[in-house]
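Hi everyone, thanks for coming. I'd like to walk you through a structure that is new to most of you, so please have a look at it first.

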Amino acid sequence: MNNADLYNKSNIQQKTGALQYLREYYDVIQWKKNSLVLDIGCGDGSVTSNVIKKSIPYCKTVIGCDVNEDMIRFANEHYSSESVQFTVFDIAGDLPDALQERFHHAFSFFVIHWVQQQENAFRNIYNLLQKDGDCLATFVGQAVFYDALRELAKRKKWKIWLKDTEKFISPYHDSSNPEKQLREMLDKIGFSFIEIHYKRLSFEYESAELFQEAIKALTPFKIPEDIFDEYLDELFEEMQRIDFEVYKFKKSTSEWVHNFHMFVLYIKK
Ligand SMILES: C[S@@+](CC[C@H](N)C(=O)[O-])C[C@H]1O[C@@H](n2cnc3c(N)ncnc32)[C@H](O)[C@@H]1O
């Protein structure tokens, strides 16, 4: 995911999802007054500023963090204000002392599937939260996109570009019981309340072009511009084939439907 500008124009799926789940959990979350809020993996900052800051009550400051320096530069240029700040931080890395136990609420939309060191990430989330603090997170589990990526990575034409694909596949993609796997880890870390929904979703883009732009913005591989469209064509063809033959999804006939499983996780310290 190298292009903050493109991501900014094509993150409709993420914006829609963040808004939907903030609304669903609005009456569940016990909002703290003058709260300090963390947005983990804030990307370009648009969801932090336009969705999280605007949707939640009593919020004093939202801090958006992301491992990608370009995203944080873009977020600072376009979305920072007195009450919305951005900083570079790896949620699976070492936790600075200044951030320990500071946050009343944390959110993370479409991020945690990028993190291979799941236990480090959730242990950090636990340590970032104040006592009684909570976290609402959505992230991908199994997805046809990952199957297609693995298939392309075997092909002679693409394997020089698709390096280290396993690093970008959700740690839950191959799991026989993703909910159990996640719950056991969260229990071990010590969260006092754990609610997990694992949903099969079909997100329908308005056009094939929008879907392609969204995938392009999320592509972590350095595929040359002149063959990128070819890569997307093969990837989409493979996604449709697998959707249809393996998963028997009815909507696989449409070119711009993204079928995947997603966690909606709500945890309290
Ligand atoms: C699909 S974007 C989601 C951005 C934003 N949450 C949204 O909903 O629009 C995923 C973001 O997670 C960030 N990310 C991936 N691994 C991370 C990590 N270990 N720590 C912090 N951010 C990470 C990526 O750099 C990227 O900006």
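**A walk along the strands**

Let's begin with strand 4 and strand 5, which run parallel and are joined by six bridges. If you want a spot to look at, find F103, which stands opposite L129 in strand 5. Before we go on, please keep in mind that this is a predicted model.

How does the chain get from one of these strands to the other? Strand 4, helix 5 and strand 5 together make a right-handed β-α-β unit.

Let's stay with helix 5, residues 118-128, for a moment. Which of its residues are buried? They are A121, F122, N124, I125 and L128. Looking down the axis of helix 5, you would see these buried residues fall within an arc of 155 degrees, so they line one face of the helix. That fits a general point: an α-helix has 3.6 residues a turn, so residues three or four places apart point the same way.

And what do the buried residues of helix 5 pack against? Their partners are strand 1, strand 4, strand 5 and helix 8, the last of these being residues 178-189.

Now to strand 5 itself, residues 129-143. Twelve of its 15 residues are buried, so strand 5 is largely enclosed by the rest of the structure. Strand 5 also pairs with strand 7, this time in the antiparallel sense, over eight bridges. One pair to look for there is L136 with its bridge partner Y266 in strand 7.

Next, helix 6, residues 144-154. Its buried residues are V144, F145, Y146, A148, L149 and L152. They pack against strand 5 and strand 7, and also against helix 7 (156-159) and helix 10 (225-245).

While strand 7 is on the screen, let me show you two of its residues. V257 is found in strand 7, which covers residues 257-268. Is V257 buried or exposed? V257 has 20 other C-beta atoms within 10 Å, so it is buried. Measuring tape out, so to speak: V257 and E225 are 32 residues apart in sequence and 24 Å apart in space, C-alpha to C-alpha.

H258 is found in strand 7 too. With 19 C-beta neighbours inside 10 Å, H258 counts as partly exposed, because 20 or more would be needed for buried. Leaving out residues up to four places away in sequence, H258 touches F203 and F211. H258 and E206 are 52 residues apart in sequence, and their C-alpha atoms are 12 Å apart in space.

Let's go back towards the start of the chain. Strand 1 (residues 35-40) and strand 2 run parallel, joined by six bridges. S35 has C59 as its bridge partner in strand 2. To get from strand 1 to strand 2, the chain crosses through helix 3, residues 46-55, in a right-handed β-α-β crossover.

Strand 2 is also joined to strand 3 (residues 84-88), by five bridges, and these two run parallel. Here C65 stands opposite T87 in strand 3. The chain passes from strand 2 through helix 4, residues 69-79, to strand 3, and this β-α-β crossover is right-handed.

How many of the residues of strand 2 are buried? In strand 2, residues 59-66, six of the eight are buried, so the strand is largely enclosed by the rest of the structure.

Now for two loop residues. Most residues other than glycine have a negative phi. E101 has a positive phi, near 55 degrees, and is not a glycine. You will find E101 in the loop between strand 3 and strand 4. E101 counts as exposed, because it has 12 C-beta neighbours inside 10 Å.

F110 also has a positive phi, of about 60 degrees, although it is not a glycine. F110 sits in the loop between strand 4 and helix 5. Because F110 has 20 C-beta neighbours inside 10 Å, it counts as buried.

Last stop: the ligand. Which residues come nearest? Of the 21 residues around the ligand, those are Q14, G41, G43, N68 and W114. The shell around the ligand divides into 14 nonpolar, five polar and two charged residues.

That's the tour, and I'm happy to go back to any part of it.

How values were computed
Residues are numbered from 1 along each chain as its sequence is written. This is a predicted model: local features need pLDDT of at least 70, side-chain atom pairs count only at pLDDT 80 or more; totals for chains, interfaces and linings use all residues. Helices (H or I, at least four residues) and strands (E, at least two) are DSSP runs, numbered from the N terminus. Two strands pair if DSSP finds at least two bridges between them. A crossover is right-handed if, with the strands pointing away from the viewer, the path from the first strand over the helix to the second runs clockwise. A residue is near a molecule or strand if its C-beta atom, placed from the backbone, lies within 6 Å of it. Ala, Val, Leu, Ile, Met, Phe, Trp, Tyr, Cys and Pro count as nonpolar, Asp, Glu, Lys and Arg as charged, and the others, Gly among them, as polar. The arc is that of the directions from the helix axis to the C-beta atoms. Two residues are in contact if their C-beta atoms, placed from the backbone, lie within 7 Å.
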